[in-house]
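Biologist: I'd like to learn how to read a fold from its coordinates. Can we go through one together, feature by feature?

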Amino acid sequence: MTGQDWLEKDFYAVLGVSKDASADEVKKAYRKLARTLHPDANPGDASAEARFKEVGEAYAVLSDPEQRQQYDAVRAMAGGRARFTAAGPGHGADGFEDLLGGLFGAGAGGPRVRYETAGGPGGVPPGFEDLLGGLFSGAGAGVGGPAGGTATGFRVPTRGADLEAEAPLPFADAVTGTTVTLRVEGRTVTARIPAGVRDGQKVRLRGQGRPSPRGGEPGDLLVAVRVQPHPVFTREGDDLKVVLPVTFPEAALGADVDVPTLDGSTVRLRIAPGTPSGRTLRVRGRGVSAGGRTGDLLVTTQVVVPQRLDPDARKAVEAFRDATADGDPRAELLARARAGAPGGGAR
């Protein structure tokens with residue numbers, strides 16, 4: 001950003017606040033606009049992205065007390081005029097003289113104020129460049145010098161760059177929240193990861209990015225979370241899911257069984273008689289706590305078939321088979337398949 005930007009842009013109007021707005025009012029206005037205009041909320045909208053950048057630029061200046069004071073001074077000194085013009089031959093910096101004339105009592109269209117050379121560089125009175133340096137963060141550099149900028153581009157503090165990092169996270173830590181330590185450009189940064197964070201989600205750490213090269217506020221650090229899989233649980237929204245093996249007698253006759261939870265404890269779950277494989281049962285409040293609510297634990301039954309049977313078990317299964325020989329579990333399936341076959345509906 002240049003000094004010219006400070007003259008041409010009304011940062012108060014950009015944020016929709018008055019010139020005497022408090023720091024809290026400035027922050028509140030910025031957050032409201034940033035949420036509305038954020039690129040994630042407006043994918044592909046170039047206009048919203050441009051407004052988002054403009055709002056961020058305004059907030060970067062108005063949220064810093066020193067920069068805000070300098071900005072107000074520059075705008076007041078400009079008196080509504082927006083640009084310093086280039087110097088004409090033999091006339092010095094004409095537009096700049098007009099600005100200074102307004103500052104020292106000569107209004108627009110009034111008599112031109114002339115400044116005689118008094119030993120300062122380029123004919124600028126001693127001490128006057130110190131005034132300009134203080135206003136435009138170039139104290140002691142001299143008007144037009146490399147550090148002070150030119151009449152159309154004064155050097156001002158700029159915000160540091162944002163940085164990105166990745167944090168691999170165990171599944172349980174992503175659910176419950178944790179603290180991680182990262183190495184970023186030779187620095188050690190501690191990041192608090194909130195409970196319920198999802199794989200790929202980015203956590204923003206304010207002020208932990210790259211320092212400003214010009215004395216402004218540092219950038220932010222964006223930490224992308226990479227959640228590692230769990231050997232037992234998976235996640236669906238705020239619900240946790242687990243597959244629970246049950247025996248055939250438990251599924252057929254019903255039983256009370258222990259179900260594991262993410263914290264290592266167990267809960268007692270009732271399996272109703274006749275429960276088929278693949279039925280999902282719900283344990284309330286044992287899922288992910290995030291955003292003011294807590295999900296559930298979804299338990300899907302899986303009937304386990306023994307790989308080997310001893311003689312007594314085999315006799316028992318054979319007896320069961322004989323006792324249920326009149327029932328055909330595939331009869332309904334075959335009937336629906338025939339009804340759906342070509343010409344089946346006409347039979």
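Biologist: Let's start broad. What percentage of the 347 residues in the protein is buried?

Modeller: Keep in mind that this is a predicted model. Buried residues come to 34% of the 347 in the protein. As for secondary structure, the protein has eleven helices and 15 strands. Of the contacts with a separation of 6 or more, 50% are between residues 24 or more positions apart.

Biologist: Now helices. How do H3 and H4 pack?

Modeller: The general idea goes like this: two packed helices are described by the angle between their axes and the distance between those axes. Here, helix H3 (residues 23–37) and helix H4 (residues 46–62) pack at about 160 degrees, and their axes are 9 Å apart. An angle over 145 degrees counts as roughly antiparallel, so H3 is roughly antiparallel to H4. Their crossing is left-handed.

Biologist: Which residues of H3 and H4 meet?

Modeller: From H3 you get Val 26, Lys 27, Tyr 30, Leu 33, Ala 34 and Leu 37. On the H4 side they meet Ala 48, Arg 51, Phe 52, Val 55, Gly 56, Tyr 59 and Leu 62. Sorted by class, that contact has ten nonpolar, one polar and two charged residues.

Biologist: On to sheets. What is the strand order in the open sheet of three strands?

Modeller: In general, strands of a sheet pair through backbone hydrogen bonds, either parallel or antiparallel. In this sheet the order is E3-E7-E6, and the pairing is mixed. Strand E3 (163–169) and strand E6 (202–205) are the edge strands, each pairing on one side only. From one strand to the next, the twist averages 25 degrees.

Biologist: In what sense do E6 and E7 pair?

Modeller: Antiparallel: E6 and strand E7 (residues 221–227) pair that way over four bridges. If you want a spot to zoom in on, Val 203 stands opposite Val 223 in E7.

Biologist: And backbone torsions? Where does Glu 185 sit, and what is its phi?

Modeller: Glu 185 is in the loop between strand E4 (178–184) and strand E5 (187–193). Its phi is near 50 degrees, a positive value in a residue other than glycine.

Biologist: One last residue. Why does Thr 280 count as partly exposed?

Modeller: Partly exposed runs between the 20% and 50% cut-offs, and Thr 280 counts as such because its relative accessibility is 44%. Thr 280 lies in strand E12 (residues 280–283). Leaving out residues up to four places away in sequence, Thr 280 touches Leu 298, Val 299 and Thr 300. Between Thr 280 and Leu 297, which are 17 residues apart in sequence, the C-alpha to C-alpha distance is 9.9 Å.

Terms used
Residues numbered from 1 in each chain as written. Predicted model: local features only at pLDDT ≥ 70, side-chain atom pairs only at ≥ 80, totals over all residues. Heavy atoms only, no water. Pairing = 2+ DSSP bridges. Helix = DSSP H or I, 4+ residues; strand = E, 2+ residues; numbered from the N terminus. Axes fitted to C-alpha atoms, helices over the stretch in contact; angles between N-to-C directions. Parallel < 35°, antiparallel > 145°, perpendicular 65-115°, else oblique. Left-handed = near helix turned anticlockwise from the far one by under 90°. Contact = heavy atoms within 4.5 Å. Nonpolar A, V, L, I, M, F, W, Y, C, P; charged D, E, K, R; others polar. Buried < 20%, exposed > 50% of the residue type's maximum accessible area, 1.4 Å probe, protein only.
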